[in-house]
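Work through these exercises with the model open. Each task is followed by its solution.

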Amino acid sequence: MKIVILTGAGISAESGLGTFRDKGGLWTQYDLNEVATPEGFGRNPQLVTDFYNARRANCAGAQPNAAHNALARLETALPGQVTLITQNVDDLHQRAGSRNVIQMHGALMSALCASCGHRWPAPPVMAVKDCCPACGQPRARPDVVWFGEIPYHMEAIAEAVETCTHFAAIGTSGQVYPAAGLAAEARRNGAQCTELNLEPSEISRVFQTCRYGPASQVVPEWVDSLLD
């Protein structure tokens with residue numbers, strides 16, 4: 001058995017971290033063209049830095065929920081057989097105990113030098129003129145993938161999806177590519193595909209099995225079914 005799990009914002013919603021697309025989500029509170037694009041950062045780096053400082057503080061105060069814990073338990077029970085790909089930039093999977101985590105959209109708790117590409121742990125509050133510890137240039141930015149940028153680790157993701165026997169998408173809308181195309185790719189390669197979501201996603205037809213409800217309920221139940 002080789003399991004690939006894709007998680008989206010829905011898995012962290014019960015931990016108090018806002019989703020982008022739900023009513024009251026980040027889409028409705030901010031113009032993401034201003035706070036989540038390279039162009040927005042170029043126009044107003046202070047606004048973007050403040051936005052991610054607030055998100056970092058929110059993340060630091062959150063705790064993994066039962067869904068995160070269940071996935072960590074699955075990885076522990078099946079060593080070497082579970083790859084977790086997340087669209088989320090929070091660190092709740094890691095804090096729950098998951099180790100084989102691919103953060104395709106980057107990490108809130110990391111800073112990136114726009115000049116030399118060096119990464120380092122982000123301070124709780126980043127400043128616009130923070131200098132890179134490697135090259136000394138004042139070119140620090142959040143280590144997150146903005147709209148219009150290429151997600152991280154795409155080769156590793158493609159290899160995992162091409163060779164998996166089971167694929168699950170958890171708490172994802174199915175609207176953001178390339179993540180939204182991973183389930184179809186896994187199914188074409190013969191994987192058993194399962195959707196675990198609060199409600200049907202935009203791509204629910206791709207999945208042979210669907211379970212709907214809060215992530216803290218349906219994810220532990222699915223993990224139990226695999227381990228049984």
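**Exercise 1: one helix, two sides**

Helix α7 (residues 154–163) has I157, A160 and V161 as its buried residues; buried means under 20% relative accessible area, exposed over 50%, partly exposed in between (1.4 Å probe, protein chains only). The model is predicted: local features need pLDDT of at least 70, side-chain atom pairs pLDDT 80 or more, while totals for chains, interfaces and linings use all residues. Numbering starts from 1 along each chain as its sequence is written, and side-chain values use heavy atoms, without hydrogens and water.

Task: find how the buried residues of α7 are arranged and what covers them.

Solution.
- Look down the axis of α7: the buried residues fall within an arc of 95 degrees, so they line one face of the helix. The arc is taken from the directions from the helix axis to the C-beta atoms.
- Turn to the other side of α7: E155 and E159 are exposed.
- Find the cover: it includes β1 (3–7), β2 (82–86), β3 (101–103), β7 and α8 (182–188).

**Exercise 2: a residue in β7**

Task: place H166 and list its contacts (heavy atoms within 4.5 Å).

Solution.
- H166 sits in strand β7 (residues 166–170).
- Its relative accessible area is 23%, so H166 is partly exposed.
- Leaving out residues up to four places away in sequence, H166 touches M1, K2, I3, V4, A191, Q192 and L226.
- The C-alpha atoms of H166 and E75 are 14 Å apart, with their positions 91 residues apart along the chain.

Definitions and conventions: Helix = DSSP H or I, 4+ residues; strand = E, 2+ residues; numbered from the N terminus.
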